[in-house]
Amino acid sequence: MESARETGQFELWLAAWVGALLDEMSVSNNSGTPGAKRSTALTVDDYVAGVLAGDRGILSRAITLIESQAPRHEEQAQEMLQRLLPRTGGAKRIGITGVPGVGKSTFIETFGCRLVERGHRTAVLTIDPSSIRSGGSILGDKTRMEKLSREPHAFIRPSPAGGAPGGVARRTRETMLVCEAAGFDTIIVESVGVGQGEVALRSMVDFYLLLQLPGAGDELQGIKKGIVELVDMVLINKAEGENRLRAELARAEQEAALHYTNAATPEWRTEVALCSALTGEGIDHAWERIEHFYASLQLKGVIAERRRQQTLDWLDEVLRDELRKRMLSDPRLPALQQAVLSGQMTVAAAARKFFEPL
Ligand code: GDP
């Protein structure tokens, strides 16, 4: 049994990997990008021109550049982002979370296809700090959202494996910016890992959606109470057929619980609604709510303020990481640690000494 499941997983992984590779190699012919080259190293000019022309092959490679941890690539990636920056910010940024099995990828498949039908260009990204542990199982996403991945106006990018959790969030944020510069007007970011990812996701999206199962108590949902306070809408999924009644009960329970929590977004009431990702029921309603969210809150400046705060928080996070890295590699640190351990110095005095000018 076990080995059959492993083989299945491997096939999924292989199919997704081949798909991603093909995407990266396919430099589309009609993009008219002058510098487009097949599989050879691209210059920053090539990346910028390709991304702005909406060339999927180059977009894929630009994201690979962002994901690379090689210092040379990091430098190139930053230069590219700097140049793309004026063309970013134009998309609706939507986050989706929920326990594994709740139906996130089924939902995104149905929801994404509807958006494409309505003329939207939709990118789907995943944030998955746990992929460090699971080693890329999420690559299966590409096959999970089979129909959507075949849509020319949709772009699905599985989460990269590896790196520190902070790095995963940074890369997702930067990938989102590149997708915006490539002309995607709706970006869906799915939190796959349970835990850090779902909180990190709040810090990079405008609208945050939580999918829940019908009829299960909080414990079964595996969801910490806190997450409900972070989201802008709760959707009880799988609310069709004989699940319907249980879904109604779950909605009533959830609504009552929300009564006592603070709203995640000023001037917005978190709604609990039902849907079925399988039949498509309730999916249009979710999109209407999202459109209403933007229409009403953009006017009030709430979304701009959220993004401004997210950018400042991001800078703060990067500065903290950098400071920490520098402090830990400071040659004066071991002597101060020793002094604290031997009781020669208090912790506060050692910290003060550390920051004294040399
Ligand atoms: P994820 O782990 O959250 O991405 O969940 P999946 O999208 O992989 O769905 C998990 C299982 O639930 C799959 O077998 C889906 O077919 C099923 N599923 C998803 N949405 C629905 C729904 O609306 N109704 C029913 N009955 N099953 C669903």
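Analyst: Two residues are taken to be in contact here if their C-beta atoms, placed from the backbone, lie within 7 Å. By that criterion, in this predicted model, Ala62, Leu65 and Ile66 of helix H3 meet His73, Gln76, Ala77 and Met80 of helix H4.

User: Why are H3 and H4 called oblique to each other?

Analyst: Helix H3 (residues 56-67) and helix H4 (residues 71-84) pack at an angle of about 125°, and their axes are 8 Å apart. Roughly perpendicular ends at 115 degrees and roughly antiparallel begins over 145, so H3 and H4 are oblique to each other. The crossing in which H3 passes H4 is left-handed.

User: What makes the residues of the contact of H3 with H4 divide as they do into nonpolar, polar and charged?

Analyst: The contact holds 5 nonpolar, 2 polar and no charged residues. His73 and Gln76, both in H4, are the polar ones, because neither His nor Gln is listed among the nonpolar or the charged types.

User: How do you know which orientation H2 and H3 have to each other?

Analyst: H2 and H3 pack at about 130°, with their axes 8 Å apart. That angle makes H2 oblique to H3, and the crossing of the two is left-handed. On the H2 side the contact is made by Asp46, Tyr47, Gly50 and Val51, which meet Ile58, Leu59, Ala62 and Leu65 in H3. These residues divide into 6 nonpolar, 1 polar and 1 charged; the polar one is Gly50, because Gly counts as polar here.

User: Why is H16 described as roughly antiparallel to H17?

Analyst: The axes of helix H16 (residues 333-341) and helix H17 (residues 347-354) come within 9 Å and cross at roughly 165°. Roughly antiparallel applies to angles over 145 degrees, which is why H16 is placed in that class relative to H17. The crossing of H16 and H17 is right-handed, and it is built from Leu336, Ala339 and Val340 of H16 with Val347, Ala350, Lys353 and Phe354 of H17. Of these residues, 6 are nonpolar, none is polar and 1 is charged.

User: What makes S3 and S7 the edges of the sheet?

Analyst: The open sheet has 7 strands in the order S3-S2-S4-S1-S5-S6-S7, with parallel pairing. Strand S3 (154-157) and strand S7 (271-274) each have a single partner strand, so one side of each is left without a neighbour in the sheet. Neighbouring strands are turned by 20° against each other on average, with direction ignored.

User: How do you know that S5 and S6 are paired, and what packs on the sheet there?

Analyst: A pair requires at least two bridges, and strand S5 (residues 207-212) shares 4 with strand S6 (residues 233-236), in the parallel sense. Within this pair, Leu211 stands opposite Leu235 in S6. Helix H13 (residues 244-258) packs on the sheet and touches S5, S6 and S7, its direction making about 175° with that of S7.

User: Where should the coordinates be read with caution?

Analyst: Where pLDDT is low, the predicted coordinates should not be read in detail. The mean pLDDT of the chain is 84, and 79% of its residues reach 70 or more, but pLDDT stays under 50 over residues 1-19, for which the model has 15 contacts beyond four places in sequence. Residues 26-37 are also below 50, with 31 contacts beyond near neighbours in sequence. Among the elements, helix H6 (residues 131-134) has the lowest mean pLDDT, 45, and helix H2 (residues 44-52) the highest, 98.

How values were computed. Residues numbered from 1 in each chain as written. Predicted model: local features only at pLDDT ≥ 70, side-chain atom pairs only at ≥ 80, totals over all residues. Axes fitted to C-alpha atoms, helices over the stretch in contact; angles between N-to-C directions. Parallel < 35°, antiparallel > 145°, perpendicular 65-115°, else oblique. Left-handed = near helix turned anticlockwise from the far one by under 90°. pLDDT = per-residue confidence, 0-100.
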